[in-house]
Amino acid sequence: MDERSTVNAEQYAVTPHPSPASAEQRATLMAAPIFGEVFTDHVARATWTPDAGWADHRIEPFADLTLHPGATVLHYGQQVFEGLKAYRWADGTVRLFRPEANAARMAASATRLSLPALPEDDFLASISALVSVDRDWVPSEGEASLYLRPLIIGTEASLAVRPSRRVEYMLLACPVGSYFSGGVKPVSIWVAQGFHRAGAGGTGQAKTAGNYAASMQPQQQAQDHGCDQVLFLDAREDRYIEELGGMNVFAVRRDGSVWTPRVTGTILEGVTRASVIEPAALLGPRGRRT
Ligand SMILES: *Cc1c(COP(=O)(O)O)cnc(C)c1O
């Protein structure tokens with residue numbers, strides 16, 4: 001896949017929003033945002049074509065998209081996405097948690113979906129550029145943060161079944177409250193029956209819209225049985241725990257040891273998962289330093 005072009009944040013050409021939210025409007029919107037329903041004033045974008053590679057890196061006013069009804073993403077689902085957060089620290093600076101891991105995962109997901117991988121530098125620069133123009137949207141209270149949603153879609157106007165020859169990268173940002181408002185509460189788990197999230201050789205390892213589309217009916221099954229979240233078993237033997245609809249799963253045994261499924265291609269390799277495992281491995285099986 002084409003990885004030409006690496007840019008820094010200054011190379012994202014900024015077109016400021018002609019009528020951004022006022023400080024008052026922003027305060028109202030950010031007071032108790034519903035997850036994913038409040039968006040900042042701008043969006044970062046870049047466009048890929050076979051000839052130019054990734055080009056036209058830009059920050060634009062947030063607006064509806066103009067998309068040809070024949071755009072490949074609408075028909076064959078060529079889409080990948082990421083999710084990460086920017087946090088405001090007490091000293092006012094804005095920081096990210098291991099964003100290069102999200103950049104690498106999005107590149108891997110893109111390759112699986114036959115989309116061009118966005119270079120890591122372009123990915124990180126898009127975040128710096130967008131957070132810089134929309135810095136007033138980064139919450140400062142408690143566990144609130146700015147949720148960042150990068151995505152890549154095929155936009156070529158063609159119903160031919162082949163990789164899109166026009167591709168768009170977009171980065172959206174949403175101020176969000178604490179994930180667990182009112183503290184961490186246990187969630188009840190329903191083991192999916194008659195459904196699997198991913199099979200060997202499929203797209204389970206890629207962060208792509210289709211996996212989510214396929215998880216909604218089993219998630220509904222969980223809710224119909226009074227549970228909060230669906231848990232998927234492996235497709236081969238319908239026996240081994242794989243992951244939840246949208247997150248990895250860990251178990252803490254009575255002896256304090258921590259267990260999580262091995263990633264073998266059907267599980268999305270979480271940044272959170274890696275960040276738990278890496279220090280846990282240093283500590284050894286009983287949480288003691290070995
Ligand atoms: C994104 C995702 C994860 C892991 O998320 P992190 O934020 O990287 O920890 C796990 N499972 C699924 C299905 C996901 O889409």
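Is H68 buried, partly exposed or exposed? I would like to start there, and I should say at the outset that what we have on the screen is a predicted model, so please take everything that follows as a description of that model. H68 has a relative accessibility of 46%, and therefore counts as partly exposed, since that class takes in what falls between under 20% for buried and over 50% for exposed.

As for its position, H68 belongs to the loop that connects β3, residues 53-61, with α2, residues 72-76. If we leave aside residues up to four places away in sequence, H68 touches L74 and A157. There is also a pairing in space to point out here, because S158, although 90 residues from H68 in sequence, has its C-alpha 9.2 Å from that of H68.

Let me stay with β3 for a moment, and turn to the backbone. Most residues other than glycine have a negative phi. D56, which is located in strand β3, has instead a positive phi of about 55°, and it is not a glycine. R98 is another such case, a residue other than glycine whose phi is positive and near 45°. R98 sits in the loop between β6, residues 94-96, and α3, and with a relative accessible area of 27% it is partly exposed.

On the other side of β6 we come to T93, which is placed in the loop between β5, residues 84-88, and β6. T93 is partly exposed as well, its relative accessible area being 35%. Apart from residues up to four places away in sequence, T93 touches Y87 and R88. The C-alpha atoms of T93 and R135 are 9.8 Å apart, while along the chain these two residues are separated by 42 positions.

Now to the helices. Which residues of α3 meet α4? From α3 the contact takes in P99, E100, N102, A103 and M106, and from α4 it takes in E120, F123 and L124. Sorted by class, the residues of this contact are five nonpolar, one polar and two charged.

The geometry of the pair can be described as follows: the axes of α3, residues 99-112, and α4, residues 120-133, come within 9 Å of each other and cross at roughly 130°. That angle makes α3 oblique to α4, because it falls short of the range over 145 degrees that would count as roughly antiparallel and lies beyond the 65 to 115 degrees that would count as roughly perpendicular. As to handedness, the crossing in which α3 passes α4 is right-handed.

How many disulfides does the structure hold? The number is zero. Two cysteines may be mentioned in this connection, and the first I would show you is C174, which is buried with a relative accessible area of 4%. C227 has 14% relative accessibility, and because the limit for the buried class is under 20%, C227 counts as buried too.

I will close with a glycine, G183, which is found in the loop between β8, residues 167-176, and β9, residues 189-191. At 37% relative accessibility, G183 counts as partly exposed. Its C-alpha is separated by 36 Å from that of R45, and the two residues are 138 apart along the chain.

Note on methods:
Residues numbered from 1 in each chain as written. Predicted model: local features only at pLDDT ≥ 70, side-chain atom pairs only at ≥ 80, totals over all residues. Heavy atoms only, no water. Axes fitted to C-alpha atoms, helices over the stretch in contact; angles between N-to-C directions. Helix = DSSP H or I, 4+ residues; strand = E, 2+ residues; numbered from the N terminus. Parallel < 35°, antiparallel > 145°, perpendicular 65-115°, else oblique. Left-handed = near helix turned anticlockwise from the far one by under 90°. Contact = heavy atoms within 4.5 Å. Nonpolar A, V, L, I, M, F, W, Y, C, P; charged D, E, K, R; others polar. Disulfide = S-S within 2.5 Å. Buried < 20%, exposed > 50% of the residue type's maximum accessible area, 1.4 Å probe, protein only.
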